[in-house]
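Subject: Structure handover

Hi,

Here is the structure I promised to pass on. Have a look at it first, and my notes on what I found follow below.

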Amino acid sequence: MEFSYKLFEQGSDKLLAIADKDILGKTFSSGNINIEISKEFYHQEFCDEEKLMELIKKATIINAMGKQIIEFLVKHKMIKRTNVKKPAGVPHAQVYTIND
């Protein structure tokens, strides 16, 4: 399984934008909702599950789009399935790490 990701850094925050490789560059629509899985936001490099775990450990925020990445995050207990949204039918979740 491969994913497309881009890592953004702002101060102490590290945003991991990650999407299933097969939806990169596609646009999904439903009613008046359009979701673009843009290369500008979701692509810096491709990674496998092993590299993904390294990236997740460094991230303070995760923005995830796609069935495979959502299943990975659920399987590893990083999100609950009940918290997954599906804008335009694409599974999506965000994860925030809050440090005191």
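Let me start with the helix on the sheet: α2 lies across β1, β2, β5 and β6, and runs at about 150° to β2. That angle is taken between N-to-C directions on a scale from 0 to 180 degrees, with axes as lines fitted to C-alpha atoms, for helices over the stretch in contact. The helix and strand labels are DSSP runs counted from the N terminus, with at least four residues of H or I for a helix and at least two of E for a strand.

Before going on, two notes on the source. This is a predicted model, so local features need pLDDT of at least 70 and side-chain atom pairs count only at pLDDT 80 or more, while totals for chains, interfaces and linings use all residues. Residues are numbered from 1 along each chain as its sequence is written, and side-chain values use heavy atoms, with hydrogens and water left out.

**Helix α2**

Which residues of α2 are buried? In this helix (residues 49-58) they are Leu52, Leu55 and Ile56, where buried means under 20% relative accessible area, exposed means over 50%, and partly exposed is in between (1.4 Å probe, protein chains only). The three cover an arc of only 100° around the axis, so they sit on the same side of α2; the arc is that of the directions from the helix axis to the C-beta atoms. As background, an α-helix has 3.6 residues a turn, so residues three or four places apart point the same way.

The cover over those buried residues includes β1, β2, β5 (45-47), β6 (61-65) and α3. On the face turned away from the buried side you will find the exposed residues Glu50, Lys57 and Lys58. At the N-terminal end, Asp48 acts as the cap of α2, with a side-chain oxygen 3.2 Å from the backbone nitrogen of Glu50.

**The sheet**

The sheet is open and has 5 strands in the order β5-β1-β2-β6-β7, with mixed pairing. Pairing here requires that DSSP finds at least two bridges between two strands. β5 and β7 stand at the edges with a single partner strand each, so one side of each has no neighbour in the sheet. On average, neighbouring strands are turned by 25° against each other, direction ignored.

Now the individual pairs. β1 and β2 run antiparallel and are joined by 8 bridges; one of the pairings puts Lys6 opposite Ala17 in β2. These two strands make a hairpin with 2 residues between them, and Gly11 in the turn has a positive phi of about 65°. β1 also pairs with β5, again in the antiparallel sense, over 3 bridges, and here Tyr5 has Glu45 in β5 as its bridge partner.

**Salt bridges**

How many salt bridges does the structure hold? There are 2, counting a side-chain nitrogen of Lys or Arg within 4 Å of a carboxyl oxygen of Asp or Glu.

- Lys21 pairs with Glu2, with the closest N and O atoms 2.7 Å apart. Lys21 is in the loop between β2 (13-20) and β3 (27-30) and Glu2 in the segment before β1 (3-10), so the pair ties together parts 19 residues apart in sequence. Lys21 is partly exposed at 36% relative accessibility, and Glu2 is also partly exposed at 36%.
- Arg81 meets Glu71, at 2.7 Å from N to O. Arg81 is in the loop between α3 (67-75) and β7 (92-96) and Glu71 in helix α3, so this pair links parts 10 residues apart in sequence. Arg81 is partly exposed at 48%, as is Glu71 at 40%.

**Two residues to click on**

Phe41 is in helix α1 (residues 39-42) and is partly exposed at 28% relative accessibility. Setting aside residues up to four places away in sequence, Phe41 touches Lys6, Phe8, Leu15, Ala17 and Asn63, contact being heavy atoms within 4.5 Å. The C-alpha atoms of Phe41 and Tyr5 are 8.2 Å apart, with their positions 36 residues apart along the chain.

His92 is in strand β7. Is this residue buried or exposed? His92 is buried, with a relative accessible area of 15%. Beyond its neighbours within four places in sequence, His92 has contacts including Asn63, Ala64, Met65, Ile70 and Pro87.

Cheers

Key. Polar contact = N/O pair within 3.5 Å; in protein donor to acceptor, adjacent residues only side chain to side chain.
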